[in-house]
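Work through these short exercises with the structure in view. Try each task before you read its solution.

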Amino acid sequence: MIGAGTMGQGIAQVFAASGSRVTLIDVSAEATERGRAAIDTALRRSVERKRLDADERERTLGRLTTSTSMEGAADAGLVIEAVFEDLDAKLSVFDALAPVLSPSALLVSNTSSLSITRLGAATPFPDRVAGLHFFNPVPVLPLVEIVRGLATSDETVEALRAIAGSIGKTGVVVRDSPGFVVNRILIPMINEAITCLDHGVAGRNDIDATMRLGASHPMGPLQLADLIGLDVCLDIMATLHRDLGEDRYRPSPLLRQMVAARRLGRKTGRGFYDYPAD
Ligand SMILES: NC(=O)c1ccc[n+]([C@@H]2O[C@H](COP(=O)([O-])OP(=O)(O)OC[C@H]3O[C@@H](n4cnc5c(N)ncnc54)[C@H](O)[C@@H]3O)[C@@H](O)[C@H]2O)c1
């Protein structure tokens, strides 16, 4: 597992809990230790809530090792990259991995928006490169999008489908296309809710209530935008607009303003709602 941040932690936890040996790799020992500690805390909470027994927690932690070198991926059958959402950062990881990996290893990226075809083309084995797009929080959400790049082989897709099943996830195969499926549907819906607010169609609470009560969504789109982070929503909207080229994907001016004002949602304490520090 390359990258021990929010997603790397969740993905590493899920694989270790389902019996795989996992090496968590990041740029510094501090980062890998932070990742390991977060997994430890998550497992401890599961034991407290009686969702996991204490022995299983020990066994899961026992399957987890950490490394600050790509050599740590040398024996892996599956290498998952979840570093920053930046093409150059991901390409440099792919470059460093290529000479190290075993000839049958699959190399997948958890990218939310970058082209899998582009990442695959940077390796000598694009047939074994795909997207494996998990959702946050990884231990809770059962979906994984299996993203097929132009050169991804059928064998790779089928192997990933089996791997998704083996960790209790449902894998859905999608073509390499901006936003894949979930974000292409979800983020424009959030953008439209922001446009409704901007145009005075209804107030904040009422917009959220309509979608909770009228469409059975567990939370309203403005609440969800605050949870995801308005900067992340804007990045994805801007990618859809740029890569699909249609006006309907134009980010809402109010969304742009909120990001410019650093009202990014829960993480900055203020978005469409306020989140007092306590
Ligand atoms: N956070 C989400 O909700 C979410 C959901 C789906 C997909 N994603 C995608 O997952 C990926 C990771 O997102 P995140 O939220 O976990 O990010 P994050 O910022 O929490 O973690 C990224 C980690 O990558 C590490 N890293 C950076 N460069 C590295 C390198 N060269 N080698 C090893 N480690 C390196 C960083 O030190 C950091 O620990 C991104 O591509 C993001 O788009 C995120």
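**Exercise 1. Find which domains the chain is assigned, and how far their centres lie apart.**

Solution. This is a predicted model.
Step 1: read the domain assignment. Domain 1 covers 6–175. Domain 2 covers 182–267.
Step 2: take the centre of each domain over C-alpha atoms. The centres of domain 1 and domain 2 are 28 Å apart.

**Exercise 2. Count the helices and strands of the chain.**

Solution. Go through the secondary structure of the chain. The helices number eleven. The strands number seven.

**Exercise 3. Test the chain against the rule for a compact globule.**

Solution.
Step 1: start from the length, 278 residues.
Step 2: get the expected value. A compact globule with 278 residues would have a radius of gyration near 19 Å.
Step 3: compare. The chain has 20 Å, so it agrees with the rule.
Step 4: add the spans. Along its principal axes, the C-alpha trace extends about 55 × 45 × 30 Å.

**Exercise 4. Describe burial and contacts in the chain.**

Solution.
Step 1: of the 278 residues, 39% are buried.
Step 2: take contacts between residues at least 6 apart in sequence. Of these, 63% join residues at least 24 apart.

**Exercise 5. Describe the shell around the ligand.**

Solution.
Step 1: count the shell. The ligand is surrounded by 24 residues.
Step 2: name the closest. They are G3, G5, M7, E85 and N136.
Step 3: sort the shell by type. It holds 13 nonpolar, nine polar and two charged residues.
Step 4: look for helices. Both α1 (6–17) and α4 (87–97) supply at least two shell residues each.

Definitions and conventions
Residues are numbered from 1 along each chain as its sequence is written. This is a predicted model: local features need pLDDT of at least 70, side-chain atom pairs count only at pLDDT 80 or more; totals for chains, interfaces and linings use all residues. Domain bounds come from an automatic or database domain assignment. Helices (H or I, at least four residues) and strands (E, at least two) are DSSP runs, numbered from the N terminus. The radius of gyration is taken over C-alpha atoms; the globule rule is 2.2 Å times the number of residues to the power 0.38. A residue is buried if 20 or more other C-beta atoms lie within 10 Å of its own, exposed if 12 or fewer, and partly exposed in between; C-beta atoms are placed from the backbone. Two residues are in contact if their C-beta atoms, placed from the backbone, lie within 7 Å. A residue is near a molecule or strand if its C-beta atom, placed from the backbone, lies within 6 Å of it. Ala, Val, Leu, Ile, Met, Phe, Trp, Tyr, Cys and Pro count as nonpolar, Asp, Glu, Lys and Arg as charged, and the others, Gly among them, as polar.
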